[in-house]
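User: I would like to learn how to read domains, contacts and cores in a model of this kind. Could you take me through them?

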Amino acid sequence: MNEINPSGWRPAMNTTSIVQEIETFTGNRALQLEEALLFEIGSPDRSGVDFDEVTDIDLSALGPNARKGAPNLPGLSEPETVRHYTRLSRQNYAIDLGVFPLGSCTMKHNPRLDEKVARMPGFADVHPLQPVQSVQGALSAINELAVWLVKLTGMHGVAMTPKAGAHGELCGLLCIRAALEAKGDPREVILVPESAHGTNPATAAFAGYRVENIPATADGRVDVTALTARLGPDVAGVMITNPNTCGLFERDLKVIADAVHAAGGYVYCDGANFNAIVGRVRPGDLGVDAMHINLHKTFSTPHGGGGPGSGPVVLSEALAPYGPLPFTARQADGSIKLIEEEDAYLEHPHAFGRMCAFHGQMGMYTRALAYILSHGADGLRQVSGDAVLNANYVLRSLDDVLDAPFGPAGHCMHEALFSDDGFAEGFSTLDLAKGLIDEGYHPMTVYFPLVVHGAMLVEPTETESKAGLDQFIGAMRSLAERAKAGDEMLKSAPHLAPRRRLDETLAARKPKLVYKEV
Amino acid sequence: MRYLPLTDADRSAMLSVVGAGSIDELFADVPEHARLTAPIAGLPQHASEMAVERHMARLSADNITAGSVPFFLGAGAYRHHIPATVDHMIQRGEFLTAYTPYQPEIAQGTLQVLFEFQTQVARLFGTDIANASLYDGSTACWEAIAMAARITRRNKAVLSCGLHPHYVETSRTMAKFTGDELDISEPALIADTDDAAVIAKIDGETSCVVVQYPDVLGRIPDLAAIAAAAQAKGALLIAVVTEPVALGLLESPGSLGADIVVGEGQAIGVGLQFGGPYLGLFGCREKFVRQIPGRLCGETVDADGKRGFVLTLSTREQHIRREKATSNICTNSGLCALAFSVHMTLLGGAGLAKMARLSHHRARKTAERLAQIPGVTVVNRHYFNEFAVTLPKDARQVVRDLADRKILGGVSLGRLYPQVEALSTGLLIAATECTTDDDISALATALEEVLA
């Protein structure tokens with residue numbers, strides 16, 4: 001039995017071994033609750049919704065495909081439903097719980113005002129095909145966001161409808177393709193730097209292009225000499241991320257853009273990291289022709305466990321005529337016109353088509369607009385400034401214990417990049433990442449970008465406090481020391497999470513993607 | 001600023017650790033000509049929560065909301081009642097503010113939801129498996145066409161005339177760039193789907209036949225016949241469901257022989273939201289698993305042997321396969337999938353069937369009442385909760401006139417098919433369990449006035 005110390009504070013016990021030995025009947029561990037599958041607790045005749053009973057239903061209009069019985073879908077009453085999902089929610093890490101330093105993903109605080117705004121009935125309870133006269137407010141909101149995006153990027157126009165970053169990339173490349181085809185100069189190749197997000201080459205291939213990789217220089221940037229040497233009449237364009245995935249600003253983007261334009265191609269900028277420069281740099285000033293903006297990154301719409309996102313694409317004067325339908329235009333009388341198929345042949349004859357049904361991600365537009373209006377032009381500049389300051393603070397607070405491959409060359413942008421160089425034999429980035437889980441953090445992005453061995457990409461964002469970062473840095477220092485010392489406990493981390501390391505090989509070898517009754 | 005925790009004292013302490021004199025110095029890598037030294041001119045400065053809320057509320061008020069008037073729109077987006085529990089659950093911060101579950105030890109909540117979602121979708125569609133969602137129905141439709149081309153190694157797709165025109169346009173956009181050949185046609189205002197015409201188009205080079213069920217006019221095609229015809233020629237049947245509630249009363253496409261079933265999940269749990277974010281549903285035969293686009297969640301065990309879930313088969317995906325990936329999709333519709341799943345759990349199979357019966361019942365009452373109006377003809381022989389009528393004049397103007405009378409009276413076919421004169425008098429009318437007798441009377445009365 002431990003003594004109670006004089007201050008009245010019970011000294012921490014070394015409980016690790018005891019905790020692991022305690023077994024409970026339920027498998028629960030106090031507030032850490034296990035939850036069965038819906039299919040194990042629900043049944044098709046149970047429901048959490050009441051409907052009016054109607055007896056005089058004539059089903060003859062359904063025709064011969066009327067189904068015989070109800071679908072085999074288990075239901076739960078309302079209290080059971082609330083409990084099921086609440087218990088599941090508690091097995092998730094989230095920004096609301098702590099630092100979420102996932103590099104390139106921009107996990108910043110999601111303001112609750114934005115949630116409230118998105119649920120206002122004039123945005124949430126309107127149908128996309130209502131007559132335009134009945135949705136002027138909703139169209140105004142879209143138009144207002146579009147104006148902000150164009151001005152913040154110094155571009156000419158914006159295609160709002162792409163549903164996520166990768167969809168935006170596709171939209172941008174289709175604009176490039178349409179522009180080249182209009183000139184009678186179809187080309188086959190898109191150049192993509194090695195450090196690019198995987199979506200870049202996947203998108204280029206999806207749009208029918210052949211992808212060629214461009215190497216990086218030793219300082220983590222695109223090799224301008226290699227890139228310009230490869231330009232020629234077969235190159236449709238380049239896709240460059242700026243700031244790039246090493247967390248560095250591509251200083252030579254304007255030089256690259258001028259060379260690409262001189263060779264008859266176009267510049268696509270992956271705007272995933274626009275949050276680092278918003279209010280401080282306009283991509284239009286760097287010669288960019290198209291860039292998607294992840295509203296779920298820079299403008300803080302929630303990630304929701306994997307979406308929905310939103311990826312509007314800003315376009316240069318050269319590409320704007322080819323942007324997809326529909327889009328909004330403010331009329332002289334202040335009303336908003338919706339340009340869709342009906343009027344397109346008059347007002348937007350070169351549109352390459354449609355990216356999706358309806359008008360894109362309205363629910364994300366309203367959230368992003370509320371976020372932008374809250375910050376204003378001055379606040380957005382502070383957003384990028386604080387994001388970059390926080391990242392540099394992490395970089396300089398850790399570069400004595402972790403290898404920072406581009407650290408000596410100068411400041412980083414919004415994310416700090418480290419490698420596993422110096423870890424004990426057999427210890428890797430993954431071990432440090434899983435150790436962070438036991439410390440109560442979500443791991444950083446690991447093994448990306450591919451140009452750095454054992455990469456660890458840390459993006460703190462501007463919504464972390466100094467005190468919060470100091471504690472995170474303390475945890476990182478401790479883990480770095482353990483990885484260098486070869487602490488075996490780290491190899492099997494996490495030990496304290498709802499699950500330990502999961503067998504991903506088993507999952508892929510024998511895929512079980514749906515529940516099957518035994 | 002309320003979202004920024006750093007104080008000026010914090011900033012200067014941190015700058016001294018970083019070794020910079022100011023935040024601006026951190027941007028030294030930006031070429032001077034492109035470095036902005038002050039906030040961008042012509043844009044407003046920061047605003048309080050109250051001010052932003054007031055501005056947005058003003059924009060919100062400048063719309064006619066579906067819930068405030070008699071409302072009969074469908075055409076790919078449906079207004080069903082969503083229990084309060086759904087929005088409560090998706091606003092749990094642990095779901096709302098989580099990332100894609102790439103670290104499964106601390107993302108079992110999202111992962112188990114996705115596994116349950118995949119199972120619910122597969123059972124609803126009657127397919128072996130389903131994925132963890134795509135952006136929306138229209139993009140899911142194209143992904144299915146692209147997948148069918150990979151499987152059959154053919155690139156000629158037959159799109160039935162009853163496929164939603166926005167889905168057609170989305171596919172047509174993509175096909176222009178991939179080189180796939182699409183057979184496209186427009187529907188005619190006749191009582192039944194022309195399944196024989198679709199079947200006649202299938203030949204030995206057809207990769208897939210894409211058939212909406214119910215179709216854009218609300219008619220119900222004979223999927224089993226088309227499936228058999230397609231499969232006899234080595235082609236796949238892709239069924240497209242834009243109103244998933246219909247499957248509470250209609251046989252599932254998978255049970256009728258569809259190889260791939262895609263759909264728009266918006267009607268269950270997600271809401272209208274002026275068109276997005278919505279929820280792409282994607283199910284198919286198990287043998288196609290390695291060709292599926294998008295994320296998949298699978299069951300496995302952890303180091304202690306406990307059941308757990310992970311994202312799996314990611315060697316199909318862009319972050320591993322890069323230019324050889326089955327799709328470029330990354331972010332999907334996770335939170336909408338959660339909303340769908342919670343609503344479906346509240347409903348259960350019996351609840352879904354009841355909601356479907358009520359929707360059908362309200363549609364039937366609407367059709368019967370409208371048929372009494374001189375000059376109005378109901379087109380469909382069969383339908384679930386949506387049907388077409390023909391009017392004695394251009395339906396686009398009628399819809400606008402109805403809106404002036406605060407009635408949202410359907411979707412004109414002229415808006416969906418502006419180039420097809422023969423459809424200009426067509427109006428699509430949808431009803432759900434939300435539609436009341438008063439709504440139906442109000443629509444009928446106003447329509448009589450507008451047509452008089």
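**Domains, interface and core**

Analyst: The domain assignment divides chain A into domain 1 (1-59 + 69-91), domain 2 (115-369) and domain 3 (382-505); such bounds come from an automatic or database domain assignment. This is a predicted model, in which local features need pLDDT of at least 70, side-chain atom pairs count only at pLDDT 80 or more, and totals for chains, interfaces and linings use all residues. Residues are numbered from 1 along each chain as its sequence is written, with chains lettered from A and ligands numbered from 1 in the order in which they are written.

User: How far apart are the C-alpha centres of domain 2 and domain 3 of chain A?

Analyst: They lie 31 Å apart. Each of the two domains gives 18 residues to the contact, where contact means C-beta atoms, placed from the backbone, within 7 Å.

User: How many residues of chain B are in contact with chain A?

Analyst: In general, interface size is often given as the accessible area lost when the parts come together. Here the count is by residue: 170 of chain B against 176 of chain A. Helix H11 (residues 334-370) of chain B gives the most to the chain B side, with 22 residues; helices are DSSP runs (H or I, at least four residues), numbered from the N terminus.

User: Which residues does Val209(B) touch, leaving out those up to four places away in sequence?

Analyst: Among them are Val158(B), Ser160(B), Val198(B), Ile202(B) and Ile238(B).

Conventions. Helices (H or I, at least four residues) and strands (E, at least two) are DSSP runs, numbered from the N terminus.
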